[in-house]
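Morning, everyone. Please bring up the sequence and the model, and keep both in view while I talk.

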Amino acid sequence: MKLSKKSLLLLVFGLLLSVVLVACASEPDEGGDTDSSGDSDADAEETTEGAEGGELIIANQSDAVSLDPAGSNDVPSSNVQANIFESLTKQDANMEVQPSLATEWEAIDDTTWEFKLREGVKFHDGSDFNAEVVKVNIERILDPDVGSPRLFLYEMIEEIEVVDDHTIRFVTEFPFSPLPAHLAHNGGAMVSSEVINEDYAAMENGEDPGSVINSNPVGTGFFKFDKWDPGSQIRLVKNEEYWDEPAKLDSVVFKVVSEGLTRVAELQTGDSHIIEKLSPNDVPQVDAMDGASVSQQGSVSLSYVGFNMEKEPFDDPNVRKAINMAIDKSQIIDGVYDGIGTPAVGPLAPDVFGYDENAPGLEYDPEQAKELLAEAGLEDGFSTTLWTNDSQERIDSATNIQAQLKEFNIDVEVEVLEWGAYLEQTAQGEHDMFVLGWSTVTGDADYGLYALFHSNNVGEPGNRTFTKDEELDALLDEARQEPDPEARQELYSQVQEKLTEVAPMLYIHHQDFLLGVSDKVQGLTQLPTEILQLKDVSLEQ
């Protein structure tokens with residue numbers, strides 16, 4: 001796998017908006033689907049050097065939370081789902097939307113999109129993919145009884161019209177130009193309608209939504225689900241009846257190896273072919289290995305510390321601003337991430353549409369931080385907790401923040417939680433402060449701002465800071481309904497200015513993704529959304 005250069009990762013989103021209104025429009029999507037269409041001819045020739053067959057083993061830091069595309073919104077789950085399921089559209093390495101289960105699309109009018117569907121596609125259970133199946137899938141995400149954390153992606157859809165077996169129309173409440181990009185999100189991945197019916201039947205018998213799909217995920221993808229040993233591994237096998245060229249591998253195992261040094265050892269011994277995530281501290285060791293190398297991929301992600309704005313003292317904006325100004329982020333970026341990544345001024349990465357390079361930020365200013373704490377009546381400090389999951393970088397970041405805040409008489413207890421419990425409890429608002437990340441996988445500010453800061457998305461969908469601000473809500477609503485790109489940009493500039501005032505987060509940096517990869521692995525790419533592209537991967541024997 002070649003090192004990626006950030007300057008080649010993304011195209012300017014304004015160009016994407018200008019072409020999104022035509023059939024087969026090219027537009028950024030998010031991390032829900034695998035794609036290999038961005039490979040060059042040279043890369044395609046290189047992948048043929050690996051032998052067909054074999055089992056790829058990926059050592060992951062965390063297990064999936066759910067294999068139901070409507071049931072989770074985390075990267076470990078998406079990385080598995082992306083091989084089992086396919087969406088109507090998909091993204092390539094340049095964050096452009098490409099055809100997948102839909103072959104072309106166009107805007108019929110300001111609020112109506114028409115998609116032509118691929119014919120002859122079968123689900124893993126042998127059932128047909130058609131427009132009725134698409135309707136059932138999107139309606140399920142919109143169903144309040146299902147309670148999907150990915151509802152916000154499609155909540156603007158008011159009507160779904162089946163024109164014929166292979167044509168479907170979506171009517172939206174307002175003009176929404178990023179819809180083809182949102183449909184590339186694997187939250188919109190297509191599940192067999194037969195399994196969906198079984199899932200609804202189980203719900204009627206008291207089971208949780210998604211229980212059947214989670215245990216028997218049936219999609220149209222190039223791999224099929226084999227088995228899941230929770231906390232240990234998930235195994236997928238090749239779909240021999242795949243509608244396109246089949247995968248080169250016989251199977252893929254996503255193995256849970258929570259400790260970073262153990263993942264490095266797995267790569268060294270050959271027990272795993274890919275390790276994800278790779279700590280910046282472990283890069284020199286992997287670089288020095290015979291038979292393995294480091295892959296670095298730029299991203300549209302954000303690492304941040306969030307404040308629970310419903311808990312004292314974080315319900316006071318002066319306290320939130322003070323902590324922003326009390327933290328020297330360069331200590332974290334240089335000391336924890338070895339300088340890898342781009343310092344964040346706000347939530348949007350520079351390559352995301354809507355980013356404003358002139359947006360104000362809260363710079364490191366310890367004297368001003370002390371003044372703000374005094375205004376809040378906390379000049380003598382206070383005690384709090386800072387939660388993180390078991391990512392070594394996040395633990396190290398939390399420890400650094402703990403040490404820096406001690407200089408302001410703020411006593412911070414760092415608590416490390418298991419990934420699933422971490423997501424569940426932060427969604428319920430049980431935290432004070434927390435370390436987490438977000439990837440703007442559509443390449444559009446709507447995904448990077450609406451999910452994180454609109455009051456409709458408090459909790460599991462993304463707003464774990466419990467931000468509830470009427471002016472901010474109004475700006476976000478107006479921006480997603482505005483069809484003109486220039487007007488949208490101005491609105492998103494206002495949003496970023498407002499966020500400096502609200503200060504729901506301490507923005508740390510836009511990280512680069514690091515993988516350790518065996519030299520036996522051929523044809524691997526990783527999207528700027530962190531999703532691994534496995535369809536054309538092969539193994540040298």
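**The seven-stranded sheet**

Start here: 7 strands make an open sheet with mixed pairing, in the order β8-β9-β10-β1-β11-β19-β12. A quick word on names: helices (H or I, at least four residues) and strands (E, at least two) are DSSP runs, numbered from the N terminus. Two strands pair if DSSP finds at least two bridges between them. In general, strands of a sheet pair through backbone hydrogen bonds, either parallel or antiparallel.

Some ground rules. This is a predicted model, where local features need pLDDT of at least 70 and side-chain atom pairs count only at pLDDT 80 or more, while totals for chains, interfaces and linings use all residues. Residues are numbered from 1 along each chain as its sequence is written, and side-chain values use heavy atoms, with hydrogens and water left out.

Back to the sheet. Which strands stand at its edges? They are β8 and β12 (292-297); each has a single partner strand, so one side of each is left without a neighbour in the sheet. Neighbouring strands are turned by 20° against each other on average, direction ignored. For angles, axes are lines fitted to C-alpha atoms, for helices over the stretch in contact, and the values run from 0 to 180 degrees between N-to-C directions.

Helix α3 (residues 75-84) packs on this sheet. It touches β8, β9 and β10, and its direction makes about 20° with that of β9. Contact here means heavy atoms within 4.5 Å. Helix α8 (residues 260-269) lies across β1 (55-60), β10, β11 (274-276), β12 and β19. It runs at about 170° to β11.

Now zoom in on the pairing. β8 (residues 223-229) and β9 (residues 233-238) are antiparallel, over 6 bridges. Asp 229 stands opposite Gln 233 in β9. Their hairpin has 3 residues between the strands, and Gly 231 takes a positive phi near 80° there. Move on to β10 (residues 251-256): 5 bridges join it to β9, again antiparallel. Leu 236 has Val 252 in β10 as its bridge partner. For Val 237, the partner in β10 is Ser 251.

**The four-stranded sheet**

Next, an open sheet of 4 strands, antiparallel, in the order β4-β5-β7-β6. Its edge strands are β4 (102-109) and β6 (157-164), each pairing on one side only. Neighbouring strands in this sheet are turned by 20° on average, direction ignored. Inside it, β5 (residues 112-117) and β7 (residues 167-172) pair in the antiparallel sense over 5 bridges. Thr 112 stands opposite Val 171 in β7. Helix α4 (residues 131-142) packs on the sheet and touches β5, β6 and β7. Its direction makes about 170° with that of β6.

**Helix crossings**

Now for α15 (residues 445-453). Its axis and that of α16 (residues 470-481) come within 10 Å and cross at roughly 145°. This crossing is left-handed; that term applies if the near helix is turned anticlockwise from the far one by less than a right angle, and right-handed if clockwise. Which residues meet? From α15 come Asp 446, Leu 449, Tyr 450 and Phe 453; from α16, Leu 472, Asp 473, Leu 476, Asp 477 and Arg 480. That contact divides into 5 nonpolar, no polar and 4 charged residues. Ala, Val, Leu, Ile, Met, Phe, Trp, Tyr, Cys and Pro count as nonpolar, Asp, Glu, Lys and Arg as charged, and the others, Gly among them, as polar.

Helix α15 also crosses α17 (residues 485-502): the axes come within 12 Å, at roughly 40°. That crossing is left-handed. Ala 445, Asp 446, Leu 449 and Phe 453 of α15 touch Arg 488, Tyr 492, Val 495 and Leu 499 of α17. The split is 6 nonpolar, no polar and 2 charged.

**The cavities**

Last stop: empty space. On a 1 Å grid over the protein atoms alone, a cavity is a set of points where a 1.4 Å probe fits but cannot get out; lining residues have an atom within 4 Å of a point. Grid points are joined across faces, edges and corners, and a volume is the space filled by probe spheres set on the points.

How many cavities of 30 Å³ or more does the search find? It finds 4 in the whole structure. The largest holds about 200 Å³. Its lining has 17 residues, with Lys 277, Tyr 337, Glu 393, Gln 511 and Asp 512 nearest the centre. By class, that is 7 nonpolar, 4 polar and 6 charged. The largest share, 3 residues, comes from β19.

Conventions:
On a 1 Å grid over the protein atoms alone, a cavity is a set of points where a 1.4 Å probe fits but cannot get out, and a pocket is an open set with protein on both sides within 12 Å along at least five of seven lines; lining residues have an atom within 4 Å of a point.
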